Amino acid sequence: MTVFTTVTTKNAVVPAVAASAAAPAGPRLAPGAAARELELRRGEFELAVQLGHIRTVPDPGGGQRRVTAREVARLRAAPDFPEGLRERVRTVGTGEGAELLGIAPGRFTKLARTGRLTPVRCYLNRYRAVVWLYLADELVELALREPEVLSGRHPEPDGGQDRRARNWRGRRIAMLARQTDDQWEQAAAVASALDSAHLAEIVRDPYERACLRRLQPETFRIHPESAIAQAIVDRVLLADEPDEIEWYRLLLVEALADARDQCPAPRPIADPAAQRRISESAEPVTKRGGPAEVEPPGPRPLGRSGPRTAAPAPCPAGPGRNRRKPTPQVGGAPVQRSLLRRLRRGK
């Protein structure tokens with residue numbers, strides 16, 4: 001009797017024998033090379049990775065995550081390749097989305113403002129207006145799941161609130177958190193939703209704040225650079241309602257606790273062993289008779305700029321690593337350490 005085993009993803013089912021035997025794990029392809037192999041534009045490839053359609057692995061050198069030859073072979077073996085993969089990452093704006101659903105653009109906008117539709121991307125156009133993009137697949141799912149919202153009385157936002165930016169922030173941070181195993185990068189993704197005042201209040205250590213700024217994920221670029229355009233981007237990126245701000249504050253406290261457990265933030269401190277050797281020996285004297293200057297070592301590498309695999313020097317293993325993690329607190333109240341894990345799992 002022949003037994004067939006399948007490997008199931010969210011949108012496709014591929015025979016396990018094809019997924020495992022099509023190619024060895026083989027070389028790890030850079031994003032550009034993987035996008036060409038999968039016949040995707042760079043933006044489509046990035047979105048497919050963010051949505052989990054393309055699995056990536058860490059780069060041993062600490063650079064961008066890569067795609068194995070086995071994963072490329074698995075995707076190319078799909079019967080609907082490449083059209084099926086392209087369709088799963090196809091995005092539409094308001095006009096095309098309304099046409100896809102067979103409704104007026106005004107009704108489409110109201111559905112998005114009330115939170116029925118969650119944008120997956122956005123950008124600034126030449127008039128400095130925010131253009132929201134939606135997954136075509138999700139629009140079709142909404143039409144099949146809730147056909148009643150496409151007709152009848154127009155939905156009205158609660159209190160005139162527009163939930164597009166809020167929903168996009170939550171989705172973006174969840175996708176960023178799922179893409180990396182580096183706890184400091186996950187903390188930086190959460191911190192990107194808070195302004196500098198909230199960040200300074202929660203993260204008192206200046207070296208930790210510098211680390212979060214260095215690892216802050218890139219958003220859409222502004223061309224040309226202008227204060228007005230930056231203010232518009234900030235309104236999209238930063239949480240602005242009290243309950244949303246509090247939510248990200250709690251997430252950041254939890255993410256920081258996980259990051260500190262994994263590895264301390266880099267800081268310009270001298271090696272303790274070297275300091276002991278200097279203190280135990282006679283103080284060296286320069287030609288002028290004064291004490292010689294000792295140059296402290298630079299910051300320890302971390303995140304994208306440091307090793308991620310077999311170089312655990314900044315994060316030594318030991319009995320203390322297995323102790324139960326303390327519960328972080330905000331204003332004296334304990335914070336549940338499951339918040340960030342719920343965010344990474346997604347909705």
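Tutor: In this predicted model, nonpolar side chains such as Val and Leu belong to one patch when they are joined within 5 Å, provided that each residue has over 30% relative accessible area and no salt bridge.

Student: Which residues form a nonpolar patch on the surface, and what is their accessible area together?

Tutor: One of the residues in the patch is L144, which has its place in helix α8, residues 136-145. Because exposed means over 50% relative accessible area, L144 counts as exposed at 70%. The patch is formed by L100, V140 and L144, and their accessible area together is about 280 Å².

Student: How many residues apart in sequence are the parts that E138 and R171 tie together?

Tutor: The side chains of E138 and R171 meet in a salt bridge, at 2.4 Å from N to O. E138 lies in helix α8 and R171 in helix α9 (residues 164-178), so the pair ties together parts whose separation in sequence is 33 residues.

Student: Is D240, which forms a salt bridge with R169, buried or exposed?

Tutor: In this salt bridge the closest N and O atoms of R169 and D240 are 3.7 Å apart. R169 counts as buried, at 3% relative accessibility. D240 has a relative accessible area of 53%, and therefore D240 is exposed.

Student: Which helix gives the most to the largest nonpolar core?

Tutor: The largest nonpolar core has 25 residues, and W184, Y248 and L252 are among those with the most contacts inside it. Helices α10, α11, α12 and α14 each supply at least two residues of this core. With eight residues, the helix that gives the most to this core is α14.

Terms used. Residues are numbered from 1 along each chain as its sequence is written. This is a predicted model: local features need pLDDT of at least 70, side-chain atom pairs count only at pLDDT 80 or more; totals for chains, interfaces and linings use all residues. Side-chain values use heavy atoms; hydrogens and water are left out. A nonpolar core is a set of buried Ala, Val, Leu, Ile, Met, Phe, Trp, Tyr and Cys residues joined through side-chain atoms within 4.5 Å. Buried means under 20% relative accessible area, exposed over 50%, partly exposed in between (1.4 Å probe, protein chains only). Helices (H or I, at least four residues) and strands (E, at least two) are DSSP runs, numbered from the N terminus. Patches are made of residues with over 30% relative accessible area and no salt bridge: like charges are joined within 9 Å, nonpolar side chains (Val, Leu, Ile, Met, Phe, Trp, Tyr) within 5 Å. Accessible areas come from the Shrake-Rupley method with a 1.4 Å probe; for residues, only the protein chains shown count as cover. A salt bridge is a side-chain nitrogen of Lys or Arg within 4 Å of a carboxyl oxygen of Asp or Glu.
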